[in-house]
Amino acid sequence: MSHAIEPLYVRYQVPDLVRMESFLRDFGMQTAQQSATQLFMRGSGSTPYVYEAVAGTEARFLGAGFRVAERADLERVAALEGSGPIEAIDDAPGGGHRVRMRMADGFEIDAVHGAAVATPLETRDAIALNTARTKPRTNQFVRIAQAIAPVTKLGHFVLHVRDHRAAVAWLHQRFGLIASDYMGPPGDPDQAAGTFLRVDRGQQMVDHHCLLVLGTETPGVHHCSFEVEDVDAVMAGHDYLLQRGYTLDCGVGRHLLGSQIFDYWRDPFGFRIEHYTDGDMVNHLHQPAIFSGTADETTQWGARPPKDFFE
Ligand SMILES: [Fe+2]
């Protein structure tokens, strides 16, 4: 089995790269590389890019990429059905090699190895929060500008697929992704309609999920999600995006599964895109559970997603 270490990027096709770049900069990314047909945007963290937009008439989700642990992982996945060959990455920041694979619903998922580790960009430190019992911030004051909230990395994305079980098995075989939690009727994970998947790094703590796979009749992407520094970044970024006239989808609130403080926006082409902070970290000691509650119960506080959020 091959092994993913981290999600790297998502890829979309859009009819207007200039418009997309302008939105993504306001959303907290920086331009890493661009041509007439391709746009690569980076976060402030160590991945060469977190978002690729390709020029094309129709706006659609293309796929995503994961960094895999070793070169041999590329050989393993290249031998599987639906995989392209191992190819040198000469058209994207960071270089390295990749194998592009096609899921049953048409999404292209890349295994990437040997891509450079980018030098992180300088951003402000997290602001220490004084809680009722612990006051780490003393003789220092919170001063936050209503400004762009830099995103650090791609945290996760969410796919709607026709065959949920087959998609989870596909991702397990190619990337070693394992279940953190399920959504579905109580009792039997095999009956689940959704699975929160994480990279498997054993004892090492990782994000609760890098991918949520949901079974539906209409395949597509639900959203992609990028981490920002802290709660103040979510809120200042929220105000900034509102003031810039963008469309708020749902936020701010706190999720149940993964516990992130979230803020969802619509990009200029209607795709959902999320800022988050303060997500759960888990390791091999975490036991997956089945969530069987209502859609409303997936939000612990804050903005309740509208009905069409779950369609
Ligand atoms: Fe999310």
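## Two open sheets and a shared nonpolar core

With 30 C-beta neighbours inside 10 Å, where 20 or more are enough, Val 50 counts as buried in this structure, which is a predicted model. Val 50 sits in the loop that links strand S3 (38-42) and strand S4 (51-55). Leaving aside residues up to four places away in sequence, the contacts of Val 50 are Tyr 9, Met 29, Met 41, Arg 42, Gly 43, Val 151, Lys 153, Leu 154 and Phe 226. Val 50 and Ala 64 are 14 residues apart along the chain, and their C-alpha atoms are separated by 9.3 Å.

Val 50 also makes a good entry point to the interior. The largest nonpolar core has 69 residues, and Val 50 is listed with Met 41, Tyr 51 and Leu 211 among those with the most contacts inside it. Strand S1 (residues 4-14) gives the most to this core, contributing seven residues. As for Leu 211, its contacts beyond four places in sequence are His 156, Phe 157, Leu 159, Leu 171, Leu 177 and Leu 197.

We may turn next to the sheets, beginning with the one that holds S1. Eight strands build an open sheet of mixed pairing, in the order S2-S3-S4-S1-S5-S8-S7-S6. Its edge strands are strand S2 (30-34) and S6, each of which pairs on one side only. From one strand to the next, the twist averages 25°. Within this sheet, S1 and S5 are antiparallel and share eight bridges; Val 10 has Ala 64 of S5 as its bridge partner.

Helix H2 (residues 71-78) packs against several of these strands. Its buried residues are Asp 73, Leu 74 and Val 77. Viewed down the axis of H2, these buried residues fall within an arc of 100°, so they line one face of the helix. Such a pattern suits the geometry of a helix: with 3.6 residues a turn, residues three or four places apart point the same way. Arg 71 and Ala 72, on the other side of H2, are exposed. The buried residues of H2 pack against strand S5 (60-68), strand S6 (83-88), strand S7 (97-102), strand S8 (108-113) and helix H3.

A further open sheet is formed by 10 strands, again with mixed pairing, in the order S19-S10-S11-S13-S9-S14-S17-S16-S15-S20. Strand S19 (289-291) and strand S20 (299-302) stand at its edges with a single partner strand each, so one side of each has no neighbour in the sheet. On average, neighbouring strands here are turned by 25° against each other, direction ignored.

Inside this sheet, strand S9 (151-161) and S14 are well covered. In S9, 10 of the 11 residues are buried, and in S14 seven of nine are. The two strands pair in the antiparallel sense over eight bridges. His 160 stands opposite Gly 220 in S14, while Val 158 has His 223 of S14 as its bridge partner. Val 158 also has a bridge partner in S13, namely Leu 212; S9 and S13 run parallel and are joined by five bridges. S14 in turn runs parallel to S17, again through five bridges, with Phe 226 partnered by His 275 in S17. Elsewhere in the sheet, strand S10 (residues 178-183) and strand S11 (residues 194-198) run antiparallel and are joined by five bridges, and Asp 181 stands opposite Phe 196 in S11.

Two helices can be placed against this sheet. Helix H3 (residues 164-175) lies across S9, S10, S11 and strand S13 (211-215), and runs at about 155° to S13. Helix H4 (residues 231-243) has 13 residues, which at 1.5 Å a residue should span 18 Å; its end C-alpha atoms are 18 Å apart, in agreement. Buried in H4 are Ala 233, Val 234, Met 235, Gly 237 and Leu 241. The elements that cover them include helix H1 (17-27), strand S14 (220-228), strand S15 (247-255), strand S16 (261-266) and strand S17 (272-277). After H4 comes Gly 245, with a positive phi near 90°.

Methods
Residues are numbered from 1 along each chain as its sequence is written. This is a predicted model: local features need pLDDT of at least 70, side-chain atom pairs count only at pLDDT 80 or more; totals for chains, interfaces and linings use all residues. A nonpolar core is a set of buried Ala, Val, Leu, Ile, Met, Phe, Trp, Tyr and Cys residues joined through C-beta atoms within 7 Å. A residue is buried if 20 or more other C-beta atoms lie within 10 Å of its own, exposed if 12 or fewer, and partly exposed in between; C-beta atoms are placed from the backbone. Helices (H or I, at least four residues) and strands (E, at least two) are DSSP runs, numbered from the N terminus. Two residues are in contact if their C-beta atoms, placed from the backbone, lie within 7 Å. The expected span of a helix is 1.5 Å times one less than its number of residues. Two strands pair if DSSP finds at least two bridges between them. Axes are lines fitted to C-alpha atoms, for helices over the stretch in contact, and angles run from 0 to 180 degrees between N-to-C directions. The arc is that of the directions from the helix axis to the C-beta atoms.
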